[in-house]
Amino acid sequence: MVSAPHEAMHRVFQEYPSLLSGLSDVLGLELPPVASAELLTVDLTETEPLERRVDTLLRIKTENDGPFLLVVEAQGKQDPGKTASWPYYVTYLNNKYRLPVLLLVICQDHATAAWAARPLTIGLPQWPTVTTRPLVAGPHNMPVITNVAEARKDLAFATLSAITHADNPDVDAILKTMSVALRDAPESLVEPLVEFIAQGLGNRPAAQQWRNLVAVDLSFYTSPLSEEIRDEGRAQGRDEGRAQGRVEGRADAVLFLLSARGIDITEATREKVAACGDPEALGRWLVRAAFVTTSDEIFDEETAADR
């Protein structure tokens, strides 16, 4: 299964491509301001029986220069297979779209970040024919943001920073800063960022700290996580009828979110969601409903292999 931190590290770019501008300053890369971004299919499968998928692929349109492709890979550990797959992604996409390609790798630990940053060469030692240089963001170069005013300057960037510092000894202070910074933000912005942070923390001890902060500092916002926390607080004393009502309400929320995002809901998706009696499955589908491009994709990760 694809882990929650893995999803958060790259999917935040799908919702907030403009955070690339903040990253460019941190990473020492001069990029023109992002004017717009288009989410492209992550499927790089060829006609051969070999499937290749990147985590997130965006076509970035800049204000001054031409467009380019942004590949975002979330890397939780060292993977020797990337030595071959990353150069393939870059060359394949450049050939398919005829656009420059930037490979950005997001990590949560120093060792993986150092490994990912190594240039990948194809050719002879004396004369590499192809060199792939991933641009890496992680705890080694992302700022530790514990100032509320700084976090509010760019909440999406601050969220990514918090995710990359999930193992930082000061993570409690980082999370407290985020909970305070999000208090006065529009609910439409707060909801996905709350979920991204929760996903990014995975099953670390800090995940419970974030749940506590959401319950106290952000209790007035509606999100899958806050609803889950409220459900847990009301769990005792609820009869079976009320429990069924919660399931139906969560099923309705999945379909409502898809519809609100303009996603066409297939009859198969509608029937499967309506028939589901598992609140945990519905909760997972509700989170995915914020990211997918087709309604059936909310079920894809149930069987997806962990990358």
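Here is a short back-and-forth about the predicted model above and one helix pair in it.

Reader: What makes H2 oblique to H6?
Author: Start with the geometry: the axes of H2 (residues 19-27) and H6 (residues 155-164) cross at roughly 60° and come within 8 Å. Roughly parallel needs an angle under 35 degrees, and roughly perpendicular runs from 65 to 115, so a crossing of roughly 60° falls in neither class. That makes H2 oblique to H6.

Reader: Which hand does the crossing have as H2 passes H6?
Author: That crossing is right-handed.

Reader: How do you know that H2 and H6 meet, and which residues do it?
Author: From H2 come Leu19, Gly22, Leu23 and Val26, and from H6 come Ala156, Phe157 and Leu160. Contact here takes heavy atoms within 4.5 Å.

Reader: What makes up that contact in terms of nonpolar, polar and charged residues?
Author: The split is 6 nonpolar, 1 polar and no charged. Gly counts as polar, so Gly22 is the polar one.

Reader: How many helices and strands does the chain have?
Author: There are 13 helices and 7 strands. Of the 307 residues, 48% count as buried, meaning under 20% relative accessible area.

Reader: What is the mean pLDDT, and where does pLDDT stay under 50?
Author: The mean is 85, with 86% of residues at 70 or more. Residues 233-239 stay under 50, and the model gives them 3 contacts beyond four places in sequence. Residues 303-307 are also below 50, with 14 contacts beyond near neighbours in sequence.

How values were computed
Residues numbered from 1 in each chain as written. Predicted model: local features only at pLDDT ≥ 70, side-chain atom pairs only at ≥ 80, totals over all residues. Heavy atoms only, no water. pLDDT = per-residue confidence, 0-100. Axes fitted to C-alpha atoms, helices over the stretch in contact; angles between N-to-C directions. Helix = DSSP H or I, 4+ residues; strand = E, 2+ residues; numbered from the N terminus. Parallel < 35°, antiparallel > 145°, perpendicular 65-115°, else oblique. Left-handed = near helix turned anticlockwise from the far one by under 90°. Buried < 20%, exposed > 50% of the residue type's maximum accessible area, 1.4 Å probe, protein only.
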